[in-house]
Amino acid sequence: MTLKALESVLGQDRAVIHANSVAIGGRAVLIVGPSGSGKSNLSLQLMAYGAELVADDKVILATSGSRTNVSAPEAISGLIEARGMGILRASAAKEASLAAVVDLSNTETQRLPEPREVQVLNQIVPLFYNVATPHFGAAIIQFLKRGLVSSEWVHR
């Protein structure tokens, strides 16, 4: 699923989309991008840093008040594909609150980018583009644990 496809679920209270999601401390990142873009690869890297798998390949989005929660269809809960190896079992979070979206179809070119946002169902969350550096996974984990410094402070 790409960002454009996320627009198709706006206004809905629940949707199942082609994406991945992992969480740490109840806060989840939704990983979107075309087939073969590395969603499972990034998920596995984040899991190696301590995140729990929410869902691989299909993610359930559901409105809960002003928040969007993510979960996995029961049939694939706790399973993730590792290309070239097969299907692996994983520690799974049953449900988590959406904290951000990572779009693997776009690459970040700025060192300190202006904040981006995207609407998922009825919630607006930060949007990050793919960063082609080894620290990207660690940075996502740190964001999930502690958040992002406001852009006013970063750009002064």
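Two strands are taken to pair if DSSP finds at least two bridges between them. The structure described here is a predicted model.

## Strands E1 and E5

Strand E1 spans residues 14-18, and its covered face is formed by Ala15 and Ile17. The uncovered face of E1 carries Arg14, Val16 and His18. E1 runs antiparallel to strand E5, residues 58-64, and five bridges join the two. Within this pairing, Arg14 has Ala62 of E5 as its bridge partner.

E5 is preceded by a loop that connects it with strand E4 (52-55), and Asp57 lies in that loop. Although Asp57 is not a glycine, it has a positive phi of about 90°. Most residues other than glycine have a negative phi. Asp57 counts as partly exposed because its relative accessibility is 34%, which falls between the limits of 20% for buried and 50% for exposed.

## The hairpin of E10 and E11

Strands E10 and E11 pair in the antiparallel sense over four bridges. E10 turns Val118 and Val120 to its covered face, whereas Glu117 and Gln119 make up the uncovered one. Across the pairing, Val120 stands opposite Gln123 of E11.

The hairpin has two residues between its strands. Leu121 is found in this loop, between E10 (117-120) and E11. Phi of Leu121 is near 55°, a positive value in a residue other than glycine. With a relative accessibility of 2%, Leu121 counts as buried.

Gln123 belongs to E11, which covers residues 123-130. What does the side chain of Gln123 reach at 3.3 Å? The partner is the backbone oxygen of Leu98. Apart from neighbours within four places in sequence, Gln123 is in contact with Ser66, Arg67, Thr68, Leu98 and Val118. Gln123 itself counts as buried, since its relative accessibility is 6%.

## Leu98 and strand E9

Leu98, whose backbone oxygen is reached by Gln123, is placed in strand E9, residues 95-107. Its relative accessible area is 0%, so Leu98 is buried. When neighbours within four places in sequence are set aside, the contacts of Leu98 comprise Ala28, Val29, Leu30, Arg67, Thr68, Val70, Val120, Gln123 and Val125. Val120 and Gln123, which stand opposite each other in the hairpin, are thus both among the residues in contact with Leu98. Leu98 and Asn69 are 29 residues apart in sequence, while their C-alpha atoms are 5.6 Å apart in space.

## Ala23 and Ile31

Ala23 is situated in strand E2, residues 20-24. Its relative accessibility of 5% is the reason why Ala23 counts as buried. Beyond neighbours within four places in sequence, Ala23 is in contact with Ala28, Ala51, Glu52, Val54 and Ala96. One of these residues, Ala28, is also in contact with Leu98.

Ile31 is found in strand E3, residues 27-32. At 0% relative accessibility, Ile31 counts as buried. Leaving out neighbours within four places in sequence, Ile31 is in contact with Ala19, Asn20, Lys39, Leu42, Ser43, Leu46, Val102 and Leu104.

The table gives the separation of residue pairs in sequence and in space.

| Pair | Separation in sequence | C-alpha to C-alpha distance |
|---|---|---|
| Ala23 and Ala99 | 76 residues | 9.1 Å |
| Ile31 and Ala19 | twelve residues | 5.7 Å |
| Leu98 and Asn69 | 29 residues | 5.6 Å |

## Helices H2 and H3

Two packed helices are described by the angle between their axes and the distance between the axes. For helix H2 (residues 39-48) and helix H3 (residues 136-146), the angle is about 65° and the axes are 9 Å apart. The crossing of H2 and H3 is right-handed. H2 contributes Leu42, Gln45 and Leu46 to the contact, and H3 contributes Phe136, Gly137, Ile140 and Ile141. By class, the residues of this contact comprise five nonpolar and two polar, with no charged residue. Leu42 and Leu46 of H2, which take part in the contact with H3, are also in contact with Ile31.

Methods: Residues are numbered from 1 along each chain as its sequence is written. This is a predicted model: local features need pLDDT of at least 70, side-chain atom pairs count only at pLDDT 80 or more; totals for chains, interfaces and linings use all residues. Side-chain values use heavy atoms; hydrogens and water are left out. Buried means under 20% relative accessible area, exposed over 50%, partly exposed in between (1.4 Å probe, protein chains only). A polar contact is a pair of N or O atoms within 3.5 Å; within protein, one must be able to donate a hydrogen and the other to accept it, and residues adjacent in sequence count only if both atoms are side-chain atoms. Contact means heavy atoms within 4.5 Å. Axes are lines fitted to C-alpha atoms, for helices over the stretch in contact, and angles run from 0 to 180 degrees between N-to-C directions. A crossing is left-handed if the near helix is turned anticlockwise from the far one by less than a right angle, and right-handed if clockwise. Ala, Val, Leu, Ile, Met, Phe, Trp, Tyr, Cys and Pro count as nonpolar, Asp, Glu, Lys and Arg as charged, and the others, Gly among them, as polar.
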